[in-house]
Amino acid sequence: MRYKFFATSLKAWRAMFEGIENAQKSIYLEMYIFVNDTVQYDFLALLKKKANAGMRVKIVLDSLGSADLSKNAIAELRASGAEVLFQSYFFHRAHRKVLIVDESIAFIGGVNISQQFRLWNDLVIEIKGKRLLKHISSSFAKVYKECGGKDPELLAQDKKIILNQARTWLVEHFPIGKKFNLKKIYKEHLKEAKENVIFVTPYFIPRRWLIVALHQAVLRGVKVEVLVPKVTNHFFANRVGYFFMYKLSKLGINFLLQPKMNHAKVMLIDGKEGIVGSQNLDFLSFDFNSEIGVFLKDMQAVKKLALVVQKWKEQAFLFETKKYKPTWLDHIISSLIRIFARIM
């Protein structure tokens with residue numbers, strides 16, 4: 001098994017674009033936000049070119065996240081022979097980001113495709129290896145089938161695959177199908193942590209069970225650090241995130257503010273295990289959105305991931321409660337979000 005990490009949107013786009021350029025048989029793309037406006041890398045033109053050349057190009061997009069993809073672009077893709085499908089549920093978003101090329105190389109992480117994200121830090125893992133690729137292709141086939149895909153060769157891959165969890169494995173999270181794997185994984189590994197846990201997340205809006213798990217880890221002597229952007233791209237996420245940082249800092253959790261927007265999603269446990277994927281530390285990812293991630297136990301991969309996180313830590317500064325005072329608006333917004341998450 002071979003792994004590479006790309007720690008910015010542009011670096012991830014370049015690697016994904018090159019992967020598609022080198023495709024010989026098939027391209028499967030699953031994306032939350034896909035818009036045909038990336039100046040540096042014209043994914044739309046490349047996907048059309050590959051479909052016109054007779055390759056099997058299958059694209060699954062979230063109907064809300066990719067609402068800005070033009071009708072002309074969709075029509076052009078379909079006219080070229082690409083199959084373009086949309087996943088649409090009222091509260092359940094298709095938040096996964098996956099690219100599979102020739103069923104031999106895959107990209108999974110937090111990176112969307114739109115020009116507005118070009119300057120962001122983010123994280124995508126490139127994976128090569130038959131064992132895990134087989135599972136990733138099967139996971140895509142499952143979503144493809146749910147969205148009405150008809151390709152019999154791809155549909156045949158929609159089958160249950162059991163991976164040895166003593167090794168690196170794929171994390172699938174489908175709340176619409178009552179498959180809440182992320183909560184189980186985070187609770188179990190926070191409980192097992194012995195020395196330190198590091199999270200990287202763009203948005204921090206934790207559920208009650210996660211707050212309890214983090215606090216219990218701190219009480220056992222585990223050092224818990226959460227890296228978040230100083231300012232995100234969402235007003236409400238900023239207000240609520242700071243409110244929770246203020247509350248949880250008093251429980252002994254360290255929050256490190258990054259000067260640049262960072263959209264990566266990471267958990268590192270004791271420097272020995274880690275998860276990289278599409279999931280945020282918020283109620284949407286845990287309770288509503290479909291997500292995907294890679295749970296890493298390969299020590300070389302974990303060390304590479306830890307180096308990426310360490311570089312981000314070196315650029316960050318500690319959140320201090322004395323410099324922040326919650327306003328009445330923060331209390332109201334946070335309470336409303338908690339109520340919404342509970343009743344939904």
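S290 is buried, with a relative accessible area of 9%. The model is predicted. S290 sits in the loop that links α9 (283–287) to β16 (291–296). Beyond its neighbours within four places in sequence, S290 is in contact with eight residues named here: Q87, R93, A94, H95, R96, H173, F174 and P175.

The main sheet comes next. Seven strands form an open sheet with mixed pairing. Their order is β1-β7-β6-β5-β2-β3-β4. The edges are β1 (2–8) and β4 (83–87), and each of these strands pairs on one side only. On average, neighbouring strands of the sheet are turned by 15° against each other, direction ignored. Within the sheet, β5 (residues 98–101) and β6 (residues 105–109) run antiparallel and are joined by four bridges. In this pair, I100 of the one strand stands opposite A106 in β6.

Helices pack on this sheet. Helix α2 (residues 43–52) touches β2 (26–31) and β3 (56–62). The direction of α2 makes about 140° with that of β3. Helix α10 (residues 299–315) also packs on the sheet, where it touches β1 and β7 (121–128). The direction of α10 makes about 10° with that of β1.

Helix α2 also packs against other helices. The axes of helix α1 (residues 9–21) and α2 come within 10 Å. They cross at roughly 15°. Angles under 35 degrees count as roughly parallel, so α1 is roughly parallel to α2. The crossing of α1 and α2 is left-handed. On the α1 side, the contact is made by W13, M16, F17, I20 and E21. On the α2 side, F43, L46, L47 and K50 take part. By class, the contact of α1 with α2 holds seven nonpolar, no polar and two charged residues.

The packing of α2 with helix α3 (residues 71–79) has an angle of about 20°. The axes of α2 and α3 lie 8 Å apart. These two helices are therefore roughly parallel to each other. L44, L47 and K48 in α2 meet A73, E76 and L77 in α3. The contact of α2 with α3 divides into four nonpolar, no polar and two charged residues. L47 of α2 thus appears in the contact with α1 and in the contact with α3.

A further helix pair is formed by α6 (residues 181–192) and α7 (residues 208–219). Their packing angle is about 15°, and their axes are 9 Å apart. Helices α6 and α7 are therefore roughly parallel to each other. The crossing of α6 past α7 is left-handed. From α6, the contact draws on K183, Y186, K187 and L190. From α7, it draws on W209, L210, A213, L214 and A217. The contact of α6 with α7 has seven nonpolar residues and two charged ones, with no polar residue.

A217 is found in helix α7. At 0% relative accessibility, A217 counts as buried, because buried means under 20% relative accessible area. Leaving out residues up to four places away in sequence, A217 touches L190, V222 and V224. L190 belongs to the α6 side of the contact with α7. F90 lies 127 residues from A217 along the chain, and the C-alpha atoms of the two are separated by 35 Å.

Strand β9 (residues 196–200) is mostly covered, with four of its five residues buried. Strand β9 pairs with β11 (residues 223–229) in the parallel sense, over five bridges. V200 has L227 as its bridge partner in β11. Strand β9 is also joined to β13 (residues 266–269). That pair runs antiparallel and has four bridges. Here V197 has I269 of β13 as its bridge partner.

Technical notes. Residues are numbered from 1 along each chain as its sequence is written. This is a predicted model: local features need pLDDT of at least 70, side-chain atom pairs count only at pLDDT 80 or more; totals for chains, interfaces and linings use all residues. Side-chain values use heavy atoms; hydrogens and water are left out. Axes are lines fitted to C-alpha atoms, for helices over the stretch in contact, and angles run from 0 to 180 degrees between N-to-C directions. Angles under 35 degrees count as roughly parallel, over 145 as roughly antiparallel, 65 to 115 as roughly perpendicular and the rest as oblique. A crossing is left-handed if the near helix is turned anticlockwise from the far one by less than a right angle, and right-handed if clockwise. Contact means heavy atoms within 4.5 Å. Ala, Val, Leu, Ile, Met, Phe, Trp, Tyr, Cys and Pro count as nonpolar, Asp, Glu, Lys and Arg as charged, and the others, Gly among them, as polar. Two strands pair if DSSP finds at least two bridges between them. Buried means under 20% relative accessible area, exposed over 50%, partly exposed in between (1.4 Å probe, protein chains only).
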